[in-house]
Amino acid sequence: MTKRVAILISGAGSNMVQLVKSMRADCLAHCALVLSNVREAKGLARARSLSVVTTTLDHKSYTNNREAYDIALHNILLDHKIDVICLAGFMRILTPFFISLWANKILNIHPSLLPKYKGLKTHQRVLDAGEKETGCSVHLVTEKLDAGAVLGYASVKVLRGDTADTLADRVLEKEHKLYPLVLQRFLQGEMDLLVFND
Ligand code: GRF
C-alpha cells in the first residue's frame, strides 16, 4: 500500500517541494498533507501550486499549551490517514507524548553533521569553530532534540570567505538531494546509514 506522508513546515518549504516531487517520481508514497504552524509560511502557497492539500495549525492559538497543540496536530494527521511525518523546517519542538504516538515514523532534516551542532544557528557556529567541513543529516525524531538515529549524511566543504548565508545555501542544495533519498529508503524499510556524495 502506498504510504501517506505529511510534511510539516514553518517557512519557505524548499525541502518540502523536493520531497513532493520525488514522491511523485518514485510512486512509493503520496504526500497527503502539508501542514504549517505559521499562517504566512511561503511553503503553503508552494504546496498548493503543486496541488497538495494544505492546512495551518497556528501555534499562536495554543500559547503555553504544547500538549494541546500536539493533540490537535495528532488528530489532523489521523484525519488524513498519515503513516509517516517529515519535518522540513518545522520550527517547533514536539512533546514527548506526541513523539511516542508516532515513534519511528517521524523524520527530520538538520543542517549540520549530527551529533555536531544540534539546535539553531548551525552555520555561524560551524564558521566560528573553524570547521573545514559541515553538511546535513536526516534523522529519526526522538524525545531528545536532534538526537535520534541518523539515517543519512551529506557533507559540504567550508570555503575560505564563506558566510553563514553562503554556507546555508550550499548545505540547502545538499538537503534537497539527501532528504528525498533517505525518505525513499526509509519507506522501503532501509535503516542503515546513507552517506551521500555527488
Ligand atoms: C533547512 O535548512 C532545514 O535543514 C532546517 O530548516 C531549513 C528549512 O528550509 N531545519 P526550507 O523551508 O525547506 O526551505
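**Exercise 1.** Find which backbone and side-chain atoms lie 2.8 Å, 2.5 Å and 2.7 Å from oxygen atoms of the ligand.

*Solution.* Begin with the backbone, where a polar atom of Gly13 is 2.8 Å from an oxygen atom of the ligand. Turn next to the side chains: an N or O atom of Ser14 is 2.5 Å from a ligand oxygen, and an N or O atom of Glu175 is 2.7 Å from a ligand oxygen. Taken alone the ligand exposes 360 Å², of which the protein buries 79%, with accessible areas coming from the Shrake-Rupley method with a 1.4 Å probe. This is a predicted model, in which local features need pLDDT of at least 70 and side-chain atom pairs count only at pLDDT 80 or more, while totals for chains, interfaces and linings use all residues. Residues are numbered from 1 along each chain as its sequence is written, and side-chain values use heavy atoms, with hydrogens and water left out.

**Exercise 2.** Describe which residues surround the ligand and how they divide by character.

*Solution.* First list the shell, meaning residues with a heavy atom within 4 Å of the ligand: Ala12, Gly13, Ser14, Asn15, Gly89, Ile109, Pro111, Leu172 and Glu175. Then sort these residues into four nonpolar, four polar and one charged, remembering that Gly counts as polar.

**Exercise 3.** Locate Glu131 and its salt-bridge partner, and explain what the pair ties together.

*Solution.* A salt bridge is a side-chain nitrogen of Lys or Arg within 4 Å of a carboxyl oxygen of Asp or Glu, and the whole structure holds seven of them. In one of these, Glu131 pairs with Lys116, the closest N and O atoms being 3.1 Å apart. Glu131 lies in the loop between helix H5 (122–128) and strand E6 (133–140), and Lys116 in the loop between strand E5 (106–110) and H5, so the pair ties together parts that are 15 residues apart in sequence. Helices here are DSSP runs (H or I, at least four residues), as are strands (E, at least two).

**Exercise 4.** Where is Pro115 found, and what kind of peptide bond joins Leu114 to Pro115?

*Solution.* Pro115 is in the loop between E5 and H5. The bond from Leu114 to Pro115 is cis, with omega about 10°.

Key
Polar contact = N/O pair within 3.5 Å; in protein donor to acceptor, adjacent residues only side chain to side chain.
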